[in-house]
Amino acid sequence: MNSENKKRKFKTLDIVYIGLFAALIAVCSWIAVPLTVSITLQTFAICLTSGLLGWKRGTLTVIVYILLGMVGLPVFTGFKSGIAAVTGPTGGYIVGFVFTALIVGAAAEKTGRKLWQNILFMTAGILVCYLFGTIWFVIAYNVMFVSAFSTCVLPFLLPDAVKIIVAAVLVNRLKRFIK
């Protein structure tokens, strides 16, 4: 197989991975555990995607997911879609997913994929998403940061910690199967 065919094969494989993982993020956004606030598996899927695919493919996957939602496919939590879902009061968290993917994917590529490193960088990625989304929420609703933090972050800390641990373990175990 010459290098041009090999290069083309990797491009095709990249497209397949991006499509499959964008679908995974969408499905995980629909899985909701209704507590006092609804807990979804979006952040789990984004950490898993970026940890497995790296920063380029992982970030592109998240961008494809967001674009699919913006053009009207019901891929966001609660089967929502459209530009309003991304520009609305909680849209900052959706945009924050891009930064999570960048952080988790870049760290996975640079540092290797030891379990504790995955947990550390997935935590950092989620914290950046929290920060970006909460600031967006504060601006959209004109509320104090403390109020937004108690509403938008505090209820999600423990569930996201569990999702991070599970995603880190899966990345650690599955990475050898992803080209």
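Phe145 lies in helix H6. With a relative accessible area of 39%, Phe145 is partly exposed, and it is one of the residues that make a nonpolar surface patch of about 630 Å². The model is predicted. Its structure holds two salt bridges, one cavity of 30 Å³ or more, and a largest pocket with about 700 Å³ of space.

**Nonpolar surface patch**

- Besides Phe145, the patch is made by Leu131, Ile135, Ile139, Phe149, Leu154 and Leu157.
- Two helices, H5 (115-141) and H6 (145-152), each supply at least two residues of this patch.
- Helix H5 gives the largest share of the patch, namely three residues.

**Largest pocket**

- The largest pocket holds about 700 Å³ of space, and 25 residues line it.
- Nearest the centre of the pocket lie Gln42, Thr77, Thr90, Tyr93 and Phe156.
- Strand E2 (38-40) and helices H2 (42-70), H3, H4, H5, H6 and H7 each give two or more residues to the lining of this pocket.
- The largest share of the pocket lining comes from H5, with four residues.

**Cavity**

- A search of the whole structure finds one cavity of 30 Å³ or more.
- The volume of the largest cavity is about 40 Å³.
- Its lining has 10 residues, and those closest to the centre of the cavity are Val104, Ala108, Gln117, Asn118 and Phe121.
- Helices H4 (91-111) and H5 are the elements that give two or more residues to the cavity lining.

**Salt bridge between Asp14 and Arg57**

- Side chains of opposite charge can pair when their charged atoms come close.
- Asp14 forms a salt bridge with Arg57, and the closest N and O atoms of the pair are 3.1 Å apart.
- This pair links distant parts of the chain, with Asp14 in helix H1 (residues 3-30) and Arg57 in helix H2, 43 residues apart.
- Asp14 counts as partly exposed because its relative accessibility is 25%, which falls between the limits of 20% for buried and 50% for exposed.
- Arg57 counts as buried because its relative accessibility is 14%, under the 20% limit.

**Salt bridge between Lys163 and Asp160**

- The side chains of Lys163 and Asp160 meet in the other salt bridge, at 2.7 Å from N to O.
- Lys163 and Asp160 are three residues apart in helix H7, so about one helical turn separates them.
- Both residues of this pair are buried.
- Asp160 lies in helix H7 (residues 157-174) and has a relative accessibility of 5%, so it counts as buried.
- Not counting residues up to four places away in sequence, Asp160 touches Thr43, Ile126 and Tyr130.
- Of these contacts, Thr43 falls within the range of helix H2 (42-70), while Ile126 and Tyr130 fall within the range of helix H5 (115-141).

**Pro89**

- Pro89 lies in the loop between helix H3 (83-87) and H4.
- At 29% relative accessibility, Pro89 counts as partly exposed.
- Leaving aside neighbours within four places in sequence, Pro89 is in contact with Trp136, Phe137, Ala140 and Tyr141.
- These four contacts fall within the range of helix H5 (115-141).
- Pro89 and Thr134 are 45 residues apart in sequence, and their C-alpha atoms are 9.2 Å apart in space.

**Trp55**

- Trp55 has its place in helix H2.
- The relative accessible area of Trp55 is 35%, so this residue is partly exposed.
- Leaving aside neighbours within four places in sequence, Trp55 is in contact with Ala101, Leu102, Gly105, Ala106 and Glu109.
- These contacts of Trp55 fall within the range of helix H4 (91-111).
- Trp55 and Ala45 are 10 residues apart in sequence and 14 Å apart in space, C-alpha to C-alpha.

Terms used:
Residues are numbered from 1 along each chain as its sequence is written. This is a predicted model: local features need pLDDT of at least 70, side-chain atom pairs count only at pLDDT 80 or more; totals for chains, interfaces and linings use all residues. Side-chain values use heavy atoms; hydrogens and water are left out. Buried means under 20% relative accessible area, exposed over 50%, partly exposed in between (1.4 Å probe, protein chains only). Contact means heavy atoms within 4.5 Å. Patches are made of residues with over 30% relative accessible area and no salt bridge: like charges are joined within 9 Å, nonpolar side chains (Val, Leu, Ile, Met, Phe, Trp, Tyr) within 5 Å. Accessible areas come from the Shrake-Rupley method with a 1.4 Å probe; for residues, only the protein chains shown count as cover. A salt bridge is a side-chain nitrogen of Lys or Arg within 4 Å of a carboxyl oxygen of Asp or Glu. On a 1 Å grid over the protein atoms alone, a cavity is a set of points where a 1.4 Å probe fits but cannot get out, and a pocket is an open set with protein on both sides within 12 Å along at least five of seven lines; lining residues have an atom within 4 Å of a point. Grid points are joined across faces, edges and corners, and a volume is the space filled by probe spheres set on the points.
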